[in-house]
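Reader: I'd like a close look at one part of this structure, the loop stretch with an odd backbone angle, and then a walk outwards from there to the rest of the chain. Could you keep it informal and take me through it in one go?

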Amino acid sequence: MSGGDSKNVGASSIRATRCAILILTVGACLSREHRACAASVPLATDILPSGVPLPVPAPGFVQPPEDSSTELLGNAGGARDWLTRQGVRVTIQDVEELWGLVSGGLHPGPTYDGMTAVAVALNTQQAFGWQGGLLNVSALQIRGRSLTNERLGALNAVSGYDVGRSTRLFELWYGQSLFHNHLDIRVGSIDLDTEFLVSQNASFFMNASFGWPLSTSSNLYSGGPSWPFSAVGARVKWTPAYPVVLMGAITDDNPTRGPFYSNVSPTVRDPTGTLFSTSGGTLFMGEAQLWLDMAKRLGGKDAPALPGTWKVGGLYDTGRFPDQRYDNQGNLLASSNSTGVPRYHRGNWMAYALIDQMIWSKEKESGKTINLFVRTTVSNGDRNRFCLEVQSGFTFDELLPGRPDDTIGIAWGASIYGREANRNAHDAVRLGTSVPYQLRPEHHIELTYQAAVTPYLILQPDFQYFLNVGGVNRDPDTGRSARNSVVTGLNMTTTF
């Protein structure tokens, strides 16, 4: 999911105006007379982990006027207008999902999950005259069962909402814009995946890996400060010159205060989101963003705009991370003589690159576009189970006649094991402590269609195909061959 530089709007309103906003944004960003504007108010969709296409949060992003017709409750009898005058913005989102494992996996059958989220933002200038300040608090109620764990057995969850039941605080932070909005600072309990390592085109897809990828959710404690978890820390966003944005964050690296390996789910360990852990290591994260219009570079000033976002970044965690091959006595973990307790290393790192690029537009100011995203991550090979991850996909806006607000997308992702994880698997087979098996990259392909039924109601049927489910050719415990799997689902998102 992408972080926002705009006022909150309904998800369907974002989709309906997305292409026009992109064109206007890039034009503004490249204008010599344009002035900087750092993020201050998060997007309404920051509380949604997947299934929502987001506009590019460029330095000069200007949101269209708020429209209560894009919300089910409308003006709520005048309550929204009154709250707005007091500087208060309330966002309510509800998600209902039905999933079914059609073939392969562990146990074919249906599963339900759902989520209701509430976010409240207080503009301090409107409330009591303090310029540039914003207080933001949000909460989640997550329900249902996990198709991924109970039926599929895959590494990559079929949905961002497939995280376990809980009713919890999500984020609680204060933000301050400084120096004519060139600098924006947030302090509190923050979720990094609303702004870092995120592709707005990938956010359209349902599979959780297209939001916060497997290389972070599996390689960090409790998956790191990502939905539905936040961590105590601070984020700085600086717009030094167009079209460049620089971001940095420092947070606690262990949102739920648990061990790296645990049979207890993170949502069970911290069911309310109020631990505010400061134990463990420190997570440092940085990202540089470049906003550009490829059309002007390739086709001249009269060509239809092709806005894009190019990002590079990385993280470093000062915590202790388990070796994938050796135990704390120097023996092979796969050996029958192993203590079963891995050797721990101090520190961990990951680097990434990401491209979000519109590659075709029918004509100037047209909403009929084709967009591409590519994201790759690279991690340390001896202390991370996954050392390489690659994802790519296309989204097609206004492809169907008479459906200007609908989007179709197709995407693929693969998660590659690290060298020591592969050697550990070979050790287990060689030493006879496991049935013969091999680690293989898990591939997932997704085809999805998002339909705006009303300005406040979105339906999104989804199809996913998994190869090498669980990242193995056969189960190392049972010897059962891993079968490719087909998953279908339906997401319904309502903005109140």
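Author: Sure. Let's start in the loop between β12 (386–397) and β13, which is where Glu 398 sits. Keep in mind that this is a predicted model. Glu 398 has a phi near 55°, a positive value in a residue other than glycine. Most residues other than glycine have a negative phi, and most peptide bonds are trans. As for burial, Glu 398 counts as partly exposed because its relative accessibility is 24%, and the buried class ends at 20%.

Glu 398 has company in that respect. Arg 257 also isn't a glycine, and its phi is positive too, at about 60°. You'll find Arg 257 in the loop between β7 and α6 (266–269). With a relative accessible area of 43%, Arg 257 is partly exposed. While we're on the backbone, look at the peptide bond from Trp 227 to Pro 228: it is cis, with omega near 5°. Pro 228 belongs to the loop between α5 (214–217) and β6 (231–241).

Back to β13, the strand that follows the Glu 398 loop. Strand β13 (407–417) supplies at least two residues of a nonpolar patch, and so do β10 (342–361) and β14 (442–454). The patch is on the surface and consists of Ile 359, Trp 360, Phe 394, Ile 410, Trp 412, Ile 445, Leu 447 and Phe 463, with about 670 Å² of accessible area together. Take Leu 447 as one member to zoom in on: its place is in strand β14. Leu 447 is partly exposed because its relative accessible area is 42%, and patch members need over 30%.

β10 turns up again on the inside. The largest nonpolar core has 18 residues, and Leu 192, Phe 196, Leu 197, Trp 212, Met 285, Leu 315 and Tyr 352 are those with the most contacts inside it. Two or more residues of this core come from each of β7 (244–252), β8 (282–293) and β10. Met 285 is a good one to click on. Leaving aside residues up to four places away in sequence, Met 285 touches Leu 192, Phe 196, Leu 197, Trp 212, Met 247, Gly 248, Ala 249, Gly 314, Leu 315 and Tyr 352. Another core, of 11 residues, lies apart from that one, and Trp 227 is among its members, along with Leu 48, Val 95 and Ala 119. That's the Trp 227 whose peptide bond to Pro 228 is cis.

Rings next. The count of aromatic pairs comes to 12, and one aromatic cluster is formed by Phe 204, Phe 205, Phe 210 and Phe 373.

Now for the charges. A search of the whole structure finds 16 salt bridges. In one of them, the side chains of Arg 325 and Asp 427 meet at 2.8 Å, N to O. Arg 325 lies in strand β9 (residues 307–327) and Asp 427 in helix α8 (residues 419–431), so the pair ties together parts that are 102 residues apart in sequence. Both ends are tucked away: Arg 325 is buried, with a relative accessible area of 17%, and Asp 427 is buried at 3%.

Asp 382 makes a salt bridge with Arg 383, where the closest N and O atoms are 2.9 Å apart. Asp 382 is buried, with a relative accessible area of 14%, and Arg 383 is buried as well, at 12%. For a contrast, try Glu 150 and Arg 145, whose closest N and O atoms are 3.0 Å apart in their salt bridge. Here Glu 150 is partly exposed at 35% relative accessibility, and Arg 145 is partly exposed at 47%. There's also a network of salt bridges that links Asp 184, Arg 186, Glu 195 and Arg 235.

Finally, zoom all the way out. The protein chain has eight helices and 16 strands. Of its 496 residues, 55% are buried. Among contacts with a separation of 6 or more, 72% are between residues 24 or more positions apart. The chain exposes about 19600 Å², and carbon and sulfur atoms supply 60% of that.

How values were computed
Residues numbered from 1 in each chain as written. Predicted model: local features only at pLDDT ≥ 70, side-chain atom pairs only at ≥ 80, totals over all residues. Heavy atoms only, no water. Phe/Tyr/Trp six-rings, centres within 6.5 Å; stacked < 30°, edge-to-face > 60°. Patch = residues over 30% accessible without salt bridge, like charges linked within 9 Å, V, L, I, M, F, W, Y side chains within 5 Å. Areas by Shrake-Rupley, 256 points an atom, 1.4 Å probe, with all protein chains shown as cover. Salt bridge = Lys/Arg side-chain N within 4 Å of Asp/Glu carboxyl O. Helix = DSSP H or I, 4+ residues; strand = E, 2+ residues; numbered from the N terminus. Buried < 20%, exposed > 50% of the residue type's maximum accessible area, 1.4 Å probe, protein only. Core = buried A, V, L, I, M, F, W, Y, C linked by side-chain atoms within 4.5 Å. Contact = heavy atoms within 4.5 Å.
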